[in-house]
Amino acid sequence: MARKKITVVGAGHVGATTALWVARKELGDVVLVDIVEGVPQGKALDMMEAAPVEGFDSTITGTNDYKDTAGSDVVIITAGLPRKPGMDRADLIKTNSGIIKSVVKEIVKYSPNTILLIVTNPLDVMVYAAWKHSGLPPERVMGLSGALDGARMRAFIAMELGVSVKDVRTMVIGGHADTMVPLPDFSTVSGVPITQLLSKSKIKAIAHRTKHAGAEIVAFLKTGSAYYAPSRAVSEMAESIIRDQKRVIPSAVYADGIYGVKNMFIGLPAVLGSNGVEDIIKLKLSADEKKEFKASVKAIKVLLGHLDI
Ligand code: APR
């Protein structure tokens, strides 16, 4: 069987780390693209020299030419400006949507049937822009949200309880922003709901920390944003698609009437397989959860208003 091909656009912190995770998992051969000459080539070569030690056979090619991305099965887009301290996601819309447009046009020219995974922020708006500019069916376009937010929540629960991260499962839906909706009722430790293990105030604190986890890291780094967890989380989505695992991963997906939401991308539990988003699972939400989700929808609508399409 021919190897799969995964393109990562943007060879910065998130993109380069994603390329490494993808190669280490041998999901396929990786093409790393950036607008800056030399950077993707240098980073790709460095990773190729790590391959013999780690023992992976995936190749990583660095390039500035989209011709090299032809026939990609999955394309992960991380190109854009990261959020700086004090900078709102809304501030980034104008710049990053321009970058998304130019990247997506090039990508679909060479890979007209690909599946797009968007990482660039503000996430839900960038996924929408990517979908519009790509002309791809909505199930072939999605964004990194709950896979990352849910991983962060898992880490916080495990830290609080002193249990293995492996046994902690979480569910975070809504926008990939402060209005995301962590769902404690759908979060468990080996099947035990966290509501039976943690006090209400502890759960509230964990939910709050999850919502602001990106900002917590920006405040430490000062000149950049998180990349280890984002790159690992998006490679999990890519793996489910490439290997047709049909994992249920909350992702920014096209809402077509679910909870009354239409014509936008928002975080929902999605079945990811070789056709992209193969199903969306509708959760039975409480009145409060519905209210929070609606607030998230409203916030995304406001951001979409800044988009020039
Ligand atoms: N085409 C290709 N690459 C581009 C383009 C473009 N038009 N414009 C910028 N880039 C590249 C930059 O040259 C840089 O190498 O995108 C890369 C971005 O890398 P970083 O600045 O290190 O940013 P990073 O931390 O990787 O974050 C990228 O992911 O999580 C989100 O909020 C984050 O939107 C940001 C994105």
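Let me start with K246, which sits in the loop connecting helix 8, residues 228-242, to strand 12, residues 247-256, and please keep in mind throughout that what we have here is a predicted model. Its relative accessibility comes out at 40%, and because the partly exposed class covers values between 20% and 50%, K246 counts as partly exposed. If we set aside the neighbours within four places in sequence, K246 is in contact with S240, V271, L272, G273 and E278, and with E278 there is also a polar contact between the two side chains, at 2.6 Å. As for Y66, which is 180 residues away from K246 along the chain, the C-alpha atoms of the two are 29 Å apart.

Now let me turn to the ligand, which is surrounded by 21 residues, the closest being H13, V14, D34, T78 and N121. By character, this shell divides into 12 nonpolar residues, 8 polar ones and 1 charged one. Helix 1, residues 13-24, and helix 3, residues 93-110, each supply at least two residues of the shell, and helix 3 gives the most, with 3 residues.

Looking at individual atoms, an N or O atom in the side chain of D34 is 2.6 Å from an oxygen atom of the ligand, while a polar side-chain atom of N121 lies 3.0 Å from a ligand oxygen atom. I35 comes in through its backbone, where an N or O atom lies 3.4 Å from a nitrogen atom of the ligand. Taken alone, the ligand exposes 730 Å², and the protein buries 85% of that.

How values were computed: Residues are numbered from 1 along each chain as its sequence is written. This is a predicted model: local features need pLDDT of at least 70, side-chain atom pairs count only at pLDDT 80 or more; totals for chains, interfaces and linings use all residues. Side-chain values use heavy atoms; hydrogens and water are left out. Helices (H or I, at least four residues) and strands (E, at least two) are DSSP runs, numbered from the N terminus. Buried means under 20% relative accessible area, exposed over 50%, partly exposed in between (1.4 Å probe, protein chains only). Contact means heavy atoms within 4.5 Å. A polar contact is a pair of N or O atoms within 3.5 Å; within protein, one must be able to donate a hydrogen and the other to accept it, and residues adjacent in sequence count only if both atoms are side-chain atoms. A residue is near a molecule or strand if one of its heavy atoms lies within 4 Å of it. Accessible areas come from the Shrake-Rupley method with a 1.4 Å probe; for residues, only the protein chains shown count as cover. Ala, Val, Leu, Ile, Met, Phe, Trp, Tyr, Cys and Pro count as nonpolar, Asp, Glu, Lys and Arg as charged, and the others, Gly among them, as polar.
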